[in-house]
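Here are my notes for you, as promised. Keep the viewer open while you read, and click on each residue as it comes up.

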Amino acid sequence: MRPLDWIVLVASLVSIIAYGLYRSRGSNTVDRYLLAGKSMPWYAMALSIMATQASAITFISTTGQSYVDGMRFVQFYFGLPLAMIVIAAVVVPVFHHARVYTAYEYLEKRFDSKTRALGSLIFLAQRGLSAGLTIYAPALVLSVILGWPERLTTVCVGATVVTYTMLGGIKAVTWSDVQQMAVIFAGLVISLVTVIVLLPQSVSFGDAVYLAGAAGRLNAVTTTFDWNDRFNLWSGLFGGTFLFLSYFGCDQSQVQRYLTGKSIAQSRLSLLFNAVAKIPMQFFILFIGAMVFVFYLFVQPPVLFQRAELARIGARGEFAPIAGQYQQAYEDRRRAALALVEAHHSGDPAAEERQKGAYRAAQKEIDRTRSAAAQLVEKSGGEAGFTDTNYIFLSFVTRYLPAGIVGLVIAVILAATMSASSGEINSLATVSVIDLYQRYLKRDASDRHYLMASRCATLFWGAYAVLFAGYARRLGSLIVAVNKVGSLFYGSLLGCFVLAFAFPRVKGTAAFAGMIAGEAAILWTAEYTNISWLWYNGIGCAVVLATALAISVARDGAASARPASPRSGPPQPA
Amino acid sequence: WRKVYQAVIVYLAVVIAGFYLFTRAYR
């Protein structure tokens, strides 16, 4: 980081937070503090929804994933537009008419208090676990790449987030998100342009795309179906739809974004903007990773991008032959890439196929030697399942990008961390106060009292996230498990909301039992099968529906399991 | 809104078809 980088970084972050706090003046009632007085325009909600979903790891990891595995991760988002249509058509009007602060408050209006309490607790458990990781994951990467002390980074980021979230409530969060997305878009565009400019003179943009494709890095659509494969067209369309229905329809960190809308139409527009913009945005991020891959065809990359681990295994005797093989494979690949471009321009299909074979063989050898180095990391006491994916993009940025742009990219990473974290902390505080404190501990206090309780809850969850992040390193490989935990809880929540919207005669006890059964089914699937986690939400939802409808029929007769007619729409609570 | 939802579905179909052709063109 050079002086110009620090100037860009600090100026970006200070202006974001100052603008957020300026726009949040007057958040002095619970309604304004938690729902912005339902005054938000669609574009602010749309960018806030996008910013809350895009954490730092989205940018760090997605570019790295494209570098090592190509662009097929984009298929994960194919279900998002379908989910957004369902939520815009069904969920938004129900929540708006019900005048709720949280999604789980609606469950009591529709079912009963125990179903609301279970929904709230599932959300607090799941989102509470990820709140610390949202701050910890980028701090870990920045500590390796830039040498920043991990704990200092988590405390600085956490304190900043808590300050503006606690002072300004959801208005500060939303308007900061708008600014953060502006910085993120600018950073991404400048990164891509810079990568392309840094390519050798003899390699045009068309050649770069051709080379990335020949190495399998532009595999945006895979049509083969496989239950165990996370990313193909079918898992994206079907599994992804269920996942995004759960995330945008049942997770308070997203629901609260569109509950702040001026009207149903404004909230719908904010969701449909994401339905249209999210896939191209992810494609763009993945494409940056593919271009970084092409850049490293002509500039030798390290065997592993995680410098600390590379230095550690570098001293071991077993590493020398791996490094030698890697060096040879890199030279072979560079020569093959240049020959392939030449053959491609010559228009000789036979020569092109021959060079393509040599190019792919060299790439395979590079993948093999990198894999051997990663295994050596594990074998010599490193973390189990070691991968350097999260370090690829930032290694490239800090080593090759010019002064000022490095600062901008680091600002993108920190802005994404803060926008995701502020949304989580804000929603955790809202559910804690509205669904638990106000409902069970202090029912008839003044608005001023609940406003103060909301600020205290924000401070509590912010401090919790920072403390969790501080101890996350000691959790070791549990981090991986905790990340997976997110997908373990959504399915049963989704099933409960589908019951609420689509089966107007099903009652609370059946829904409650269905949620318990759905959760058990997801945990069983995760423990005893190899089915990819992308399918858990659909499985959990199906078990909730089957169980609740069976109980409902047994208790109240077959008519109780009749779905709502498409004309009447979901039931509106009184 | 029905027309808006239909437009989003058509958009998704076009995007997937575009990505599919992109993948085939550059593999």
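1. Let's begin with W461(A). Its relative accessible area in this predicted model is 10%. Buried means under 20%, so W461(A) counts as buried. Now look at Y464(A): buried or partly exposed? Y464(A) comes out at 25% relative accessible area, so that residue is partly exposed.

2. Why are these two worth looking at as a couple? W461(A) and Y464(A) sit three residues apart in helix 18 of chain A, which runs over residues 447-475, so about one helical turn separates them. How do their rings meet, then? The ring centres are 5.2 Å apart and the planes stand at 80°, so this is an edge-to-face pair.

3. There are plenty of other ring pairs to hunt for: the structure has 35 aromatic pairs over all chains. Try Y67(A) with Y296(A), another edge-to-face pair, with 6.0 Å from centre to centre and 85° between the planes. What does that pair tie together? Y67(A) belongs to helix 4 (residues 56-69) of chain A and Y296(A) to helix 12 of chain A, so the pair joins parts that are 229 residues apart in sequence. Y67(A) and Y296(A) are each buried.

4. Don't stop at that pair, though. Ring pairs link Y67(A) and Y296(A) into a cluster with F293(A), F295(A), F305(A), F396(A) and Y400(A). It's a nice thing to colour in your viewer.

5. Next, the nonpolar core. The largest one has 182 residues, and the members that touch the most other members are F59(A), F95(A), Y258(A), Y359(A), L394(A), F497(A) and L499(A). Which helix gives the most to this core? That would be helix 12 of chain A (residues 264-298), with 20 residues.

6. Pick F497(A) if you want to see the packing from one spot. Leaving aside residues up to four places away in sequence, F497(A) touches F95(A), A103(A), Y104(A), Y106(A), L107(A) and C250(A). There is also a second, separate core of 16 residues, and L310(A), I366(A), A372(A) and A374(A) are among them.

7. On to charges. Side chains of opposite charge can pair when their charged atoms come close. How many salt bridges turn up over all chains? The count is ten. One of the pairs to check is E108(A) with R439(A), where the N to O distance is 2.8 Å. E108(A) lies in helix 6 (residues 103-110) of chain A and R439(A) in helix 17 (residues 405-441) of chain A, so this bridge ties together parts 331 residues apart in sequence.

8. Look at how covered the two partners are. E108(A) is partly exposed at 22% relative accessible area, while R439(A) counts as buried at 14%. They aren't alone either: E108(A) and R439(A) are linked with R116(A) and D435(A) in a network of salt bridges. R439(A) also lies over the face of Y440(A), 4.9 Å from the ring centre. For another charge over a ring, find K114(A), which is over the face of F512(A) at 5.9 Å from the ring centre.

9. Some salt bridges stay within one helix. E331(A) and R334(A) meet at 3.6 Å, N to O, and they are three residues apart in helix 14 (residues 319-346) of chain A, or about one helical turn. E331(A) is partly exposed at 23%, and R334(A) is partly exposed at 27%. R368(A) and E365(A) form a salt bridge at 2.9 Å, N to O; both are in helix 15 (residues 349-379) of chain A, three residues apart. R368(A) has a relative accessible area of 40% and is partly exposed, and E365(A) is partly exposed too, at 27%.

10. Last, how do the two chains meet? The contact involves 30 residues from chain A and 15 residues from chain B. About 1,900 Å² is buried between them, and carbon and sulfur atoms give 83% of that area. Which residues of chain B lose the most area to chain A? They are W1(B), Y5(B) and F19(B), together 30% of what that side buries. As for salt bridges across this interface, the count is zero.

Terms used: Residues are numbered from 1 along each chain as its sequence is written. Chains are lettered from A and ligands numbered from 1 in the order in which they are written. This is a predicted model: local features need pLDDT of at least 70, side-chain atom pairs count only at pLDDT 80 or more; totals for chains, interfaces and linings use all residues. Side-chain values use heavy atoms; hydrogens and water are left out. A nonpolar core is a set of buried Ala, Val, Leu, Ile, Met, Phe, Trp, Tyr and Cys residues joined through side-chain atoms within 4.5 Å. Buried means under 20% relative accessible area, exposed over 50%, partly exposed in between (1.4 Å probe, protein chains only). Helices (H or I, at least four residues) and strands (E, at least two) are DSSP runs, numbered from the N terminus. Contact means heavy atoms within 4.5 Å. Rings of Phe, Tyr and Trp (its six-membered ring) pair if their centres lie within 6.5 Å; planes under 30 degrees apart count as stacked, over 60 as edge-to-face and the rest as tilted. A charge sits over a ring if NZ of Lys or CZ of Arg is within 6 Å of the ring centre and within 35 degrees of the ring normal. Buried area is the accessible area (1.4 Å probe) that two parts lose on being put together, summed over both. A salt bridge is a side-chain nitrogen of Lys or Arg within 4 Å of a carboxyl oxygen of Asp or Glu.
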